[in-house]
Amino acid sequence: MTQRLEGKPVAEALDAQSRSAIAARPAGAPGPSLISVHRGVDSPFRFYLRRQGKAAAQVGIAFRDEPLAAGAGAPELESRLRALGQDPAVHAVLLEHPLPPPFDFYGAIDGLPPVKDVDGVGAENLGRLVAQRPEHVPAVALAAVAIARHYDLPLEGQPVAVLGRSETVGLPLALLLAGRASGIHATVSIVHSRTRDLRAALAPARTIFSCVGHPGLLDRSNVPEGAHVIDVGLSSVPDPGRPGVQLAVGDANAAALDGWAGSLTPVPGGVGPVTVAQLMASTVRAWQHLTAPGAIA
Ligand code: NAP
């Protein structure tokens, strides 16, 4: 029997913590604010924006999404982020990722004070993760770990595989799992597109974190029997039964792994909702940091 690792209880526990931290502020003090900057109506990011707005309203964070003006390029994006970085009423900023040319995602995000880079993707936050002095860590990496911890999956001292090594997902997750500061101490293998033998690379793993974006990549041919799978991958594919409708799917072939894997996160309903809740929790942390007595932005 393969256990279904639902994200909902993990997200609810995080949201409850965020709500009580906000409720504990002095009477009349402003609560946290999160600004999400994106390309505008055509962006695939808009689905994520809706979820951000809903989650923020539920925990008590003031949320605003800021589309870039039509025709805006890298200089406008950089000056927008600099202005948000200097605005004392703004505690956290999220920037759509990935961004196509002519935008320079890292050029823009590195112009924010690291405390406001709430998804932890700027060079200073990633460097702090390597240095074992993390401030903000990408929400998706925190979410994958929060699910694994909630369901008590084998991590400490155990062979764990991370598929994917992007700067915003796979690599920070691998660092978090292997790191001393997180207290997880997993023995981590990083698997990527140049890995020659996926099955052999995954064979020792007791817990697998898949951050690739290839639907159906994981099945009985490469996942060891009994291994636990946290499916971070998120792709949209046409629904065969409903023309014109897209379905959200992960990297795992859930039907094939049912009865084979020890446990598996569903897509949707696994890592996604926890990622949004982690983003809210990181926004609350940024707000606490920026509004602490004597704080300098
Ligand atoms: P990305 O930048 O495209 O990186 C994909 C990674 O997968 C790369 O490191 C690539 O290796 C590796 N890869 C490609 N083919 C592979 C294969 N056959 N076997 C093993 N590794 C392979 O994507 P990303 O931004 O990291 O995102 C990864 C996935 O997570 C996407 O599906 C994204 O939608 C999803 N995601 C989900 C959430 C959530 O909340 N659930 C949040 C963020 C992202 P190379 O480095 O060698 O190219």
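**A parallel three-stranded sheet, a helix pair and local backbone features**

In the predicted model, an open sheet is built from three strands arranged in the order β3-β2-β4, with parallel pairing. The edge positions are held by β3 (62-67) and β4 (92-95), each of which has a single partner strand, so one side of each is left without a neighbour in the sheet. From one strand to the next, the twist averages 20 degrees. In general terms, the strands of a sheet pair through backbone hydrogen bonds, in either a parallel or an antiparallel arrangement.

Strand β2 (residues 33-38) is joined to β3 by six bridges, and the two strands run parallel. Within this pairing, H38 is placed opposite P67 of β3, and V37 has E66 of β3 as its bridge partner. The pairing of β2 with β4 is also in the parallel sense and comprises four bridges; here, L34 of β2 is found opposite A92 of β4.

The sheet is further contacted by helix α2 (residues 46-59), which packs on it and touches β2, β3 and β4. The direction of α2 makes about 160 degrees with that of β3. With respect to solvent accessibility, β2 is mostly covered, six of its six residues being buried. This burial applies to both faces of the strand: S33, I35 and V37 are buried on one side, and L34, S36 and H38 are buried on the other. Two of the residues named above in bridge pairs with β3, V37 and H38, thus belong to opposite faces of β2.

A helix-helix contact is formed by α5 (residues 123-130) and α7 (residues 170-178). Two packed helices are described by the angle between their axes and the distance between the axes. For α5 and α7, the axes come within 9 Å and cross at roughly 30 degrees. An angle under 35 degrees counts as roughly parallel, and α5 and α7 are therefore roughly parallel to each other. Their crossing is left-handed. On the α5 side, L126, L129 and V130 take part in the contact, meeting P172, L175 and L176 of α7. The residues of this contact divide into six nonpolar, no polar and no charged.

Several local backbone features were identified in loops. Most residues other than glycine have a negative phi, and most peptide bonds are trans. A cis peptide bond joins H97 and P98, with omega at about -5 degrees; P98 is situated in the loop between β4 and α4 (105-109). Another cis peptide bond leads from V267 to P268, where omega is near 0 degrees. The loop that holds P268 lies between β11 (263-264) and α10 (271-291).

Positive phi values occur at Q132 and D152. Although Q132 is not a glycine, its phi is positive, at about 65 degrees. Q132 is located in the loop between α5 and α6 (139-150) and counts as partly exposed, at 26% relative accessibility. For D152, likewise a residue other than glycine, phi is near 55 degrees. D152 lies in the loop between α6 and β5 (159-163), where its relative accessible area of 68% classes D152 as exposed.

Key:
Residues are numbered from 1 along each chain as its sequence is written. This is a predicted model: local features need pLDDT of at least 70, side-chain atom pairs count only at pLDDT 80 or more; totals for chains, interfaces and linings use all residues. Side-chain values use heavy atoms; hydrogens and water are left out. Two strands pair if DSSP finds at least two bridges between them. Axes are lines fitted to C-alpha atoms, for helices over the stretch in contact, and angles run from 0 to 180 degrees between N-to-C directions. Contact means heavy atoms within 4.5 Å. Buried means under 20% relative accessible area, exposed over 50%, partly exposed in between (1.4 Å probe, protein chains only). Angles under 35 degrees count as roughly parallel, over 145 as roughly antiparallel, 65 to 115 as roughly perpendicular and the rest as oblique. A crossing is left-handed if the near helix is turned anticlockwise from the far one by less than a right angle, and right-handed if clockwise. Ala, Val, Leu, Ile, Met, Phe, Trp, Tyr, Cys and Pro count as nonpolar, Asp, Glu, Lys and Arg as charged, and the others, Gly among them, as polar.
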